[in-house]
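Opening the notebook on a new model today. I want to go through its surface, its rings, its cysteines and its overall fold, in that order.

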Amino acid sequence: MATNVVSQLASRSFDDPDEKRRPDKTQVDVVTVSDYTMARFRFESGWRWSECIKPVVKTDSCQVSHVGLCTGGSLTVELSDGTRATVKAGDSYAIPPGHDAWVEGNEPFVGYEFLSAAEYAKEA
């Protein structure tokens with residue numbers, strides 16, 4: 001198993017990110033801390049990957065692996081094979097490539113991601 005080693009103390013605020021990505025109904029704030037890139041995702045009510053992100057990345061489904069923590073709202077994820085799960089506040093999640101996703105209800109989804117941050121919602 002690979003081991004990650006942190007060599008220096010560092011701290012960054014998502015309120016002053018290195019990069020902001022703003023597709024429709026989407027806020028992705030990206031920070032790099034030491035050698036690690038992380039992102040805060042905020043998807044508004046009515047957000048759906050296939051409507052808001054697909055036009056930006058130009059793939060048929062999301063081809064990014066996700067590992068993160070949901071701190072608000074809920075998001076339903078459907079894999080290409082039809083497998084479906086809903087992630088809600090307090091849940092940690094891992095999502096493989098090949099999926100669509102959408103916000104459930106009126107509350108925005110807020111998640112913090114540790115694996116997909118460097119590439120998610122970047123223009124193709």
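**Surface patch**

I started with the outside and found that Val67, Leu69, Phe114 and Leu115 make a nonpolar surface patch of about 340 Å². Patches here take residues with over 30% relative accessible area and no salt bridge, joining like charges within 9 Å and nonpolar side chains (Val, Leu, Ile, Met, Phe, Trp, Tyr) within 5 Å. A salt bridge needs a side-chain nitrogen of Lys or Arg within 4 Å of a carboxyl oxygen of Asp or Glu. The areas are Shrake-Rupley with a 1.4 Å probe, and for residues only the protein chains shown count as cover.

I looked up Val67 and found its place in strand β4, residues 66-72. Val67 counts as partly exposed because its relative accessibility is 35%; the cut-offs are under 20% for buried and over 50% for exposed, with partly exposed in between (1.4 Å probe, protein chains only).

Notes to self on provenance: this is a predicted model, so local features need pLDDT of at least 70 and side-chain atom pairs 80 or more, while totals for chains, interfaces and linings use all residues. Numbering runs from 1 along each chain as its sequence is written, and side-chain values use heavy atoms, with hydrogens and water left out.

**Rings**

How many aromatic pairs are there? I count seven, pairing rings of Phe, Tyr and Trp (its six-membered ring) with centres within 6.5 Å; planes under 30 degrees apart are stacked, over 60 edge-to-face, the rest tilted. Phe43 and Trp47 make a stacked pair, at 3.9 Å centre to centre with 5 degrees between the planes. Phe43 is buried at 2% relative accessibility, and Trp47 is buried with a relative accessible area of 2%. Both belong to one aromatic cluster with Phe41, Tyr93, Phe109 and Tyr120.

**Cysteines**

I searched the whole structure for disulfides and got zero, the test being two cysteine sulfur atoms within 2.5 Å. Why is Cys62 not bonded to Cys52? Their sulfurs are 13 Å apart, too far for a bond, and Cys52 holds the closest cysteine sulfur to that of Cys62. Cys52 is buried at 3% relative accessibility, and Cys62 is buried at 2%.

**Whole chain**

I get two helices and nine strands, taken as DSSP runs numbered from the N terminus (H or I, at least four residues, for helices; E, at least two, for strands). In sequence order they read β-β-β-α-α-β-β-β-β-β-β. The radius of gyration is 14 Å, close to the 14 Å of the globule rule for 124 residues, so the chain is as compact as a globular protein of that length. That radius is over C-alpha atoms, and the rule is 2.2 Å times the number of residues to the power 0.38. I also noted that 40% of the 124 residues count as buried.
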